[in-house]
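User: I am new to this structure and would like a close look at one part of it, the place where the two chains meet. Could you walk me through that part and then show me how it sits in the rest of the model?

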Protein chains: 2
Amino acid sequence: MSGRVTSAEVAARAGVSRSAVSRVFSGASASKATERKVRKAAADLGYRPNVLARSLITGRSRIIGLVVSYLDNQFYPDALERLSEALQAEGYHILVFTAPEAEEPDALVEQMLDYQVDGIIAASVTIGGDLAARCQAAGIPVVLFNRGQDASGLSQVTSANRTGGAEVARFLRAGGHGRIAQITGWLGASTGRDRAEGFRAAAGPLVAEADGMFDRDRAAELAAAMWRDARPDAIFVGNDHMAFGAIDALRSEGAAVGREVSVVGYDDVAAAAWGAYDLTTLRQPARRMAEATVETLLALVEDPDRGAARIEIEGPLVVRGSARVPEGWA
Amino acid sequence: MSGRVTSAEVAARAGVSRSAVSRVFSGASASKATERKVRKAAADLGYRPNVLARSLITGRSRIIGLVVSYLDNQFYPDALERLSEALQAEGYHILVFTAPEAEEPDALVEQMLDYQVDGIIAASVTIGGDLAARCQAAGIPVVLFNRGQDASGLSQVTSANRTGGAEVARFLRAGGHGRIAQITGWLGASTGRDRAEGFRAAAGPLVAEADGMFDRDRAAELAAAMWRDARPDAIFVGNDHMAFGAIDALRSEGAAVGREVSVVGYDDVAAAAWGAYDLTTLRQPARRMAEATVETLLALVEDPDRGAARIEIEGPLVVRGSARVPEGWA
């Protein structure tokens with residue numbers, strides 16, 4: 001690590017001009033032979049072009065803004081890590097804008113524009129239509145992660161929430177449950193709504209339903225109240241983070257989770273596999289969702305006019321001990 | 001949101017020159033009266049200076065690089081959120097560099113230098129001495145978060161790990177435990193080592209000790225083996241993330257956690273309060289640690305020559321149900 005390798009040294013070793021080195025690393029046109037020589041010399045010498053210098057050539061900051069809230073739900077730190085890894089592999093990094101509940105995501109996205117980010121990933125937040133239009137006008141692509149917005153014209157990557165909800169319903173019905181209830185994710189968010197609708201359509205009549213708002217304490221209270229009043233034999237909870245609270249509350253009420261009452265979550269965060277919860281849940285494939293998000297976003301960085309993409313990724317039901325397993329369920 | 005407010009509009013409203021507006025927002029000298037007028041006009045109009053334009057004046061990117069790994073331990077997403085909030089309040093944002101286990105943090109910090117970050121926070125990673133010297137030479141301050149490095153000359157913010165470990169030992173001895181064991185955090189890290197040493201010094205002879213390496217599965221295996229072989233009546237586990245695994249494993253072995261065997265963790269992450277674990281633990285005050293980190297770092301950004309600070313923040317023991325409570329313990 002004795003001083004930075006310069007592009008002049010790379011040029012000398014490759015036997016090409018400095019401007020040829022610049023062209024290769026800025027993605028401008030260069031002959032295959034030149035590119036090969038330059039990349040080999042750069043690798044030999046450990047050369048890495050300065051990002052800001054490169055950004056002056058390419059007009060790229062190599063920064064992607066991420067608005068994220070709700071990090072207490074384990075799914076999001078996991079997603080952040082996967083997004084960061086997928087972007088790092090492409091030479092980009094994430095500039096984090098955490099959105100406390102009180103704060104408007106729009107204000108944060110405005111701040112991002114100040115940093116001249118090349119693109120924006122909005123996770124678990126809603127972006128106002130005005131702002132979406134402004135980003136579009138400024139040529140800065142936005143991809144919504146784990147959240148859809150019908151009217152926005154924005155690209156989005158989610159799991160197949162409707163299909164997933166329906167799969168949980170089929171599982172519970174096949175298990176012979178006759179008193180099924182639902183604690184939904186926030187119905188004001190597409191993820192909460194789609195899971196709930198998919199579940200409802202396939203589950204038949206429910207003995208109880210309430211909106212858990214993606215809030216753990218609220219879900220715990222609702223589960224306890226449902227147990228006392230409606231005595232369900234199965235509850236689908238709209239994400240794992242709430243399901244852990246529901247299980248704790250059901251146990252406090254004396255219910256034997258997995259025998260008297262089945263609980264199924266959605267996400268398959270790490271804690272779902274922990275012995276204390278052993279939660280049956282519909283997996284959101286965080287890695288594949290992150291990769292699809294990065295791919296979609298970088299394609300839009302290359303060509304902002306390519307039109308919005310809406311990607312849904314299916315995940316499997318992960319069967320554990322918190323819910324009765326239908327005979328012969330594969 | 002009809003177009004960006006310009007500094008010229010702010011100047012006109014405040015009745016000052018444009019360069020006076022620039023001086024105020026770049027932190028250059030301006031009279032109190034001018035500053036007051038400019039700030040009021042800016043607030044009235046919703047003016048916010050462009051970060052990159054400002055950075056050309058001030059030489060500041062307003063970007064702080066954060067190297068972080070180990071996000072599966074809930075303490076780190078929580079810390080990231082607190083660091084991000086504390087920095088956002090000062091007009092800075094975090095550029096994330098996730099360090100997969102295989103990757104060298106040094107390589108990531110090198111990439112950060114390319115982004116011309118104003119400072120670096122290294123959480124849960126070790127920074128090589130060469131690199132620390134290079135950052136220092138480049139005038140880029142580094143603060144280690146939740147990790148100390150004796151020889152590095154770097155600033156660091158940790159909890160009072162030694163004192164905390166000793167406090168756990170006093171609690172267990174006061175509770176009448178006579179067969180005390182320890183599953184340490186990784187002894188190659190200052191946090192793991194200091195907690196273990198503080199505990200050992202105050203606990204007296206231990207019936208078993210092993211290095212859990214901050215790894216949940218490893219801690220689970222060690223706890224089960226200790227239960228079978230040494231039959232401890234108390235185990236101090238070097239962080240909550242491992243303690244959850246230890247509790248699951250002890251229960252699998254048929255041990256009644258909280259009655260037959262007490263388990264105490266370190267961190268007080270959110271899940272420690274969840275019913276299934278109800279973990280007694282030494283709290284690391286994440287918010288205060290984050291604020292101290294940001295304060296230390298930004299002071300160094302102002303004055304890179306001010307010398308390294310080593311800050312330890314004490315946290316309380318949070319008493320829950322996973323360990324026997326001594327009579328009269330306040």
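Analyst: Happy to. Please keep in mind that this is a predicted model. Let me begin with a small landmark on the way to the contact: A:Arg62 sits in the loop between α4 and β1 (63–68) of chain A. Its phi is positive, about 65°, although A:Arg62 is not a glycine. Most residues other than glycine have a negative phi, so a value like this is worth a glance as you trace the chain.

Now to the contact itself. Chain A brings 45 residues to it, and chain B brings 45 residues as well. Between them the two chains bury about 4200 Å², and carbon and sulfur atoms give 56% of that area. Several elements of chain A give two or more residues to the side that touches chain B: the helices α4 (51–58), α5 (75–88), α6 (105–114), α7 (129–137) and α11 (240–252), together with the strand β2 (93–98). Sorted by class, this side of chain A holds 21 nonpolar, 12 polar and 12 charged residues.

What holds across the interface in terms of polar pairs and salt bridges? There are 14 residue pairs in polar contact between chain A and chain B, with both residues at pLDDT 80 or more. The count of salt bridges between the two chains, on the other hand, is zero. Over all chains the count comes to 26 salt bridges. One of them joins A:Glu35 and A:Arg39, whose closest N and O atoms are 2.9 Å apart. These two residues are four apart in helix α3 (residues 32–45) of chain A, so about one helical turn separates them.

Back at the contact, look for the strand β2 in each chain. β2(A) pairs with strand β2 (residues 93–98) of chain B in the antiparallel sense, over three bridges. Here A:Leu95 stands opposite B:Leu95. That leucine is a handy marker for the symmetry too: among the residues of chain A, A:Leu95 comes closest to the rotation axis, with its C-alpha at 2.1 Å. A turn of 180° and a shift of 0.1 Å along the axis lay chain A on chain B with an RMSD of 0.2 Å. The two copies are therefore related as by a two-fold rotation axis. The same surface serves both copies, and 100% of the contact residues of chain A recur in chain B.

Finally, here is a sheet within chain A to help you find your way around. It is an open sheet of six strands with mixed pairing, in the order β7-β6-β8-β9-β10-β12. Its edge strands are β7 (208–211) and β12 (317–318), each pairing on one side only. At one end, strand β6 (residues 180–184) runs parallel to β7(A) over four bridges, and A:Ala181 has A:Ala208 as its bridge partner. Further along, β9 (residues 262–267) and β10 (residues 280–283) of chain A are also paired in the parallel sense, over four bridges, with A:Val264 opposite A:Thr280. The pairing of β10(A) with β12(A) is antiparallel and has two bridges; there A:Leu282 is matched with A:Leu317.

In chain B, the loop between β9 (262–267) and β10 (280–283) contains B:Asp278, another residue other than glycine with a positive phi, near 45°.

Terms used. Residues are numbered from 1 along each chain as its sequence is written. Chains are lettered from A and ligands numbered from 1 in the order in which they are written. This is a predicted model: local features need pLDDT of at least 70, side-chain atom pairs count only at pLDDT 80 or more; totals for chains, interfaces and linings use all residues. Side-chain values use heavy atoms; hydrogens and water are left out. Contact means heavy atoms within 4.5 Å. Buried area is the accessible area (1.4 Å probe) that two parts lose on being put together, summed over both. A salt bridge is a side-chain nitrogen of Lys or Arg within 4 Å of a carboxyl oxygen of Asp or Glu. A polar contact is a pair of N or O atoms within 3.5 Å; within protein, one must be able to donate a hydrogen and the other to accept it, and residues adjacent in sequence count only if both atoms are side-chain atoms. Ala, Val, Leu, Ile, Met, Phe, Trp, Tyr, Cys and Pro count as nonpolar, Asp, Glu, Lys and Arg as charged, and the others, Gly among them, as polar. Two strands pair if DSSP finds at least two bridges between them. Copies are superposed by least squares on the C-alpha atoms of residues with pLDDT of at least 70 in both.
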